[in-house]
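Student: Could you take me on a close look at how side chains tie this chain together? I would like the charged pairs and the sulfur links told as one connected story.

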Amino acid sequence: MAIQQLKFFLCLIASIVIYIIIITTLRAPGTNKSVPKPWGPPRICPVHFSEQTITPLNNTKHLLVSAYMDQRVNGLDIRIIGIFRRDSIQPLHCFFCCVDHLSRTRTPATILQHSDNFGFSFVTTDVMCQIPQYCKATHVTLLPQSEKVFAPEQIWLPIRNQKTNGKEKKKLQFNFTVCISNLFGDYNNVLQFAQTLEMYRLLGVDRVVIYNTSCGPDLSRLLQSYSQEGFVEMVPWPIDQHLNPSRGWLHSEHGGDLHYFGQLTTLNECIYRSMDRSRYVLLNDIDEIIMPYQHNGLMPLMNMLEQQHPNTGVFFIENHIFPKHQFEPS
């Protein structure tokens, strides 16, 4: 749905569509709550638990990012967000660490490649699987079908957005979260970042999640200050330690292994990271701002839109690109 005639206060140089995603339509039934910390690993399970945002999957060319409880698809319980090499995808099984035991059952995994790969070798991937009966799963790992014996050095991912009773609806922690996909290349435009973050705050944004590969020293100090006050959440994104990420969007023009330092992966990860704690999620770049022109903030705007379109889960905002120069040379 397009919203036209947006009046922007800042000069925006943007070429992608901005999204507002209503998380209440994405959340699994009965999980209206703030994001809890994953249960601690039981002593009975192996000790190799990943504390990284990018975890190589043993004996494959794939990378794992995070695992979330997601029971919106019938018969499936867990969604693992990953980055898979497209020409090396093989059958996989999920293996679970439960609260009081190590599961004896492996469940077959459904591997879903995202349609947008822009010609790159690696693609954002969702791996879906079912939790075995009588297992209150805390961690999950993936095993190739050929592995008959579990390797003790296998790395486990904590399962987030854990399912609760659901009888009591807890208040969400945030109304609005903005997801900024990737910082890379020692970007150091402190003024642009500061003015955009403060405009977000004026419009009613509660949290800004930023995936950081690299940035300049001045911007690093600024973001550290915002992080200390809780407005910004910095997620380390060392994708350049695992792949040769592209600085562009098209492989034929820019080369590399992965589109824009894994932009699609980080934006999808941010949606699930925010699913149980934020009512709305906005996906946009640092040079893009959703500016209501008939309301004094995002909440009055969304209240109106939800009244007009009660069954809509995603709103597409039309973007207006402002030129750097007012006139052509002619």
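**Charged pairs, sulfur links and the strands around them**

Tutor: Let's begin with Asp70, which counts as buried because its relative accessibility is 0%, under the 20% cut-off. Please keep in mind as we go that this is a predicted model. Asp70 makes a salt bridge with Arg72, and the closest N and O atoms lie 2.8 Å apart. Its partner sits in another setting: Arg72 is partly exposed because its relative accessible area is 33%, and the partly exposed class runs between 20% and 50%. So this pair joins a buried acid to a partly exposed base. As a general background, side chains of opposite charge can pair when their charged atoms come close.

Asp70 and Arg72 are one example, since a search of the whole structure finds 12 salt bridges. Glu233 is a good place to go next. The side chain of Glu233 meets that of Arg207 in a salt bridge, with 2.9 Å from N to O. This pair connects distant parts of the chain: Glu233 belongs to strand E13 (residues 232-236) and Arg207 to strand E12 (residues 207-212), 26 residues apart. Both Glu233 and Arg207 are buried.

Glu233 also forms a salt bridge with Arg277, where the closest N and O atoms are 2.6 Å apart. Here again distant parts of the chain are linked, with Glu233 in strand E13 and Arg277 in the loop between helix H4 (263-274) and strand E14 (278-283), 44 residues apart. Arg277 is buried, as Glu233 is. If you widen the view, you will find that Glu233, Arg207 and Arg277 belong to a network of salt bridges that also takes in Glu269 and Arg273.

Helix H4 gives us a way over to the sulfur links, because it holds Cys270, as you will see in a moment. The structure holds 3 disulfides. In one of them, the sulfur atoms of Cys179 and Cys270 are 2.0 Å apart. The torsion about that S-S bond is about -80°, so the disulfide is left-handed. Cys179 lies in strand E11 and Cys270 in helix H4, and the link spans distant parts of the chain, 91 residues apart. Cys179 counts as buried because its relative accessibility is 0%, and Cys270 is likewise buried at 0%.

The other two disulfides bring us to strand E5. Cys94 and Cys129 form a disulfide whose sulfur atoms are 2.2 Å apart. With a torsion of about -90° about the S-S bond, this link is left-handed. It reaches across distant parts of the chain, from Cys94 in strand E5 to Cys129 in strand E8, 35 residues apart. Cys94 is buried, with a relative accessible area of 0%, and the same value of 0% makes Cys129 buried.

Cys98 pairs with Cys135 in a disulfide, the sulfur atoms being 2.0 Å apart. A torsion of -105° about the S-S bond makes this link left-handed. Cys98 is in strand E5, while Cys135 is in the loop between E8 and E9, a distant part of the chain 37 residues away. Both cysteines are buried.

That loop also deserves a look at its backbone. Tyr134 lies in the loop between strand E8 (122-129) and strand E9 (137-144), and its phi is near 65°, a positive value in a residue other than glycine. Tyr134 is exposed because its relative accessible area is 72%, over the 50% cut-off.

Beyond the loop comes E9, with 8 of its 8 residues buried. E9 pairs with strand E5 (residues 92-98) in the antiparallel sense over 7 bridges, and Leu92 stands opposite Pro144 in E9. So strand E5 takes part in bridges to E9 and also carries Cys94 and Cys98.

E9 has another antiparallel neighbour, since 2 bridges join it to E10. There, His139 has Pro158 of E10 as its bridge partner. In the loop between strand E10 (157-160) and strand E11 (174-183) you will find Asn161. Phi of Asn161 is near 55°, another positive value in a residue other than glycine. Unlike the exposed Tyr134, Asn161 counts as buried because its relative accessibility is 2%.

Notes:
Residues numbered from 1 in each chain as written. Predicted model: local features only at pLDDT ≥ 70, side-chain atom pairs only at ≥ 80, totals over all residues. Heavy atoms only, no water. Salt bridge = Lys/Arg side-chain N within 4 Å of Asp/Glu carboxyl O. Buried < 20%, exposed > 50% of the residue type's maximum accessible area, 1.4 Å probe, protein only. Helix = DSSP H or I, 4+ residues; strand = E, 2+ residues; numbered from the N terminus. Pairing = 2+ DSSP bridges. Disulfide = S-S within 2.5 Å.
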